Each structure stands twice: as C-alpha cells, then as structure tokens.
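These are my notebook entries on a structure I had not looked at before. I wrote down each thing I looked up, in the order in which I came to it.

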Amino acid sequence: MSACPMTAACGFFSDQMSDMPGMAKLIQVQYCQADHVNCARFVVSSALGMGAVPENLFPGHLDKARLIIADSGG
C-alpha cells in the first residue's frame with residue numbers, strides 16, 4: 001500500500017505525539033505508511049477536508065471519525 005497523501009499536512013505527530021517519539025513511530029508505520037485508508041484522520045480529511053479534523057483525533061479512532069462525518073451531514 002502507498003503512503004498517506006495527507007502526511008505532510010497532518011499535524012498529529014508534531015502536536016499530539018511530540019513527547020512520545022517511539023509510540024509516534026509505531027503509529028506512523030501502521031497508519032501513514034501501511035494502512036492510511038483506516039486512519040481516522042485520513043477518513044475525516046477525505047470526506048470533509050483537513051480543517052474538519054479535530055487536533056485530538058487519533059488515527060485509531062474510526063468510530064469517532066464516522067460520527068464526525070455523520071454529524072456534519074457528509
């Protein structure tokens with residue numbers, strides 16, 4: 001699978017994971033490099049734009065991502 005096209009614009013790792021570099025690397029490998037279509041941040045940004053992605057939305061929170069999209073009418 002290809003790398004996530006949103007990686008450059010996604011501030012998750014600099015904002016939320018800056019004090020946990022080891023954990024950040026694991027998440028990046030799992031979501032940004034291997035399985036971005038199942039990243040909650042990618043899902044929301046694809047549906048509503050990067051501006052609609054909450055800063056505190058973690059990549060594994062797909063249920064929350066679906067609620068954000070549903071609540072927006074998208």
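Entry 1, the nonpolar cores. I began with the largest nonpolar core, and I found that it has 10 residues: C4, F12, F13, M17, A24, I27, Y31, C32, C39 and F42. I then asked which elements give two or more residues to this core, and they are α1 and α2. The largest share, four residues, comes from α2. I noted here that the model I am reading is a predicted one. Looking at one member of the core, I listed the contacts of C4 beyond four places in sequence, and they are C32, H36 and F42. There is also a second, separate core of eight residues, and I noted V44, V53, A65 and I69 among them. As background I reminded myself that in soluble globular proteins nonpolar side chains tend to be buried together.

Entry 2, the aromatic pair. I searched the whole structure for aromatic pairs and found one. F12 and F58 form this pair, which is edge-to-face, with 4.9 Å centre to centre and 80° between the planes. Which parts of the chain does the pair tie together? F12 lies in helix α1 and F58 in the loop between α3 (40-48) and α4 (62-72), so the pair ties together parts that are 46 residues apart in sequence. I also looked up how covered each partner is: F12 is buried, with a relative accessible area of 1%, whereas F58 is partly exposed, with a relative accessible area of 29%.

Entry 3, the loop between α3 and α4. E55 has its place in this loop as well, and with a relative accessible area of 58% I recorded E55 as exposed. I then compared positions along the chain and in space, and found that E55 and F12 are 43 residues apart along the chain while their C-alpha atoms are separated by 6.8 Å.

Entry 4, helix α3. I went through this helix for covered residues and noted that A40, R41, F42, V44 and S45 are buried. V43 lies in helix α3 too, and, leaving aside its neighbours within four places in sequence, V43 is in contact with V37, L62, A65 and I69. For a separation in space I took V43 and D19, which are 24 residues apart in sequence and 25 Å apart, C-alpha to C-alpha. Just after α3, I found that G49 takes a positive phi of about 100°.

Entry 5, the salt bridge. How many salt bridges does a search of the whole structure find? The search finds one, and in it the side chains of D63 and R66 meet at 3.5 Å, N to O. D63 and R66 are three residues apart in helix α4, and so they are separated by about one helical turn. I checked the accessibility of D63, which at 58% counts as exposed.

Entry 6, a patch on the surface. Last, I looked for nonpolar side chains at the surface, and noted a nonpolar patch of about 300 Å² that is made by M20, M23 and L26. M20 lies in the loop between α1 (12-15) and α2 (21-34), and I recorded M20 as partly exposed, because its relative accessible area is 37%.

Terms used: Residues are numbered from 1 along each chain as its sequence is written. This is a predicted model: local features need pLDDT of at least 70, side-chain atom pairs count only at pLDDT 80 or more; totals for chains, interfaces and linings use all residues. Side-chain values use heavy atoms; hydrogens and water are left out. Patches are made of residues with over 30% relative accessible area and no salt bridge: like charges are joined within 9 Å, nonpolar side chains (Val, Leu, Ile, Met, Phe, Trp, Tyr) within 5 Å. Accessible areas come from the Shrake-Rupley method with a 1.4 Å probe; for residues, only the protein chains shown count as cover. A salt bridge is a side-chain nitrogen of Lys or Arg within 4 Å of a carboxyl oxygen of Asp or Glu. Buried means under 20% relative accessible area, exposed over 50%, partly exposed in between (1.4 Å probe, protein chains only). A nonpolar core is a set of buried Ala, Val, Leu, Ile, Met, Phe, Trp, Tyr and Cys residues joined through side-chain atoms within 4.5 Å. Contact means heavy atoms within 4.5 Å. Rings of Phe, Tyr and Trp (its six-membered ring) pair if their centres lie within 6.5 Å; planes under 30 degrees apart count as stacked, over 60 as edge-to-face and the rest as tilted.
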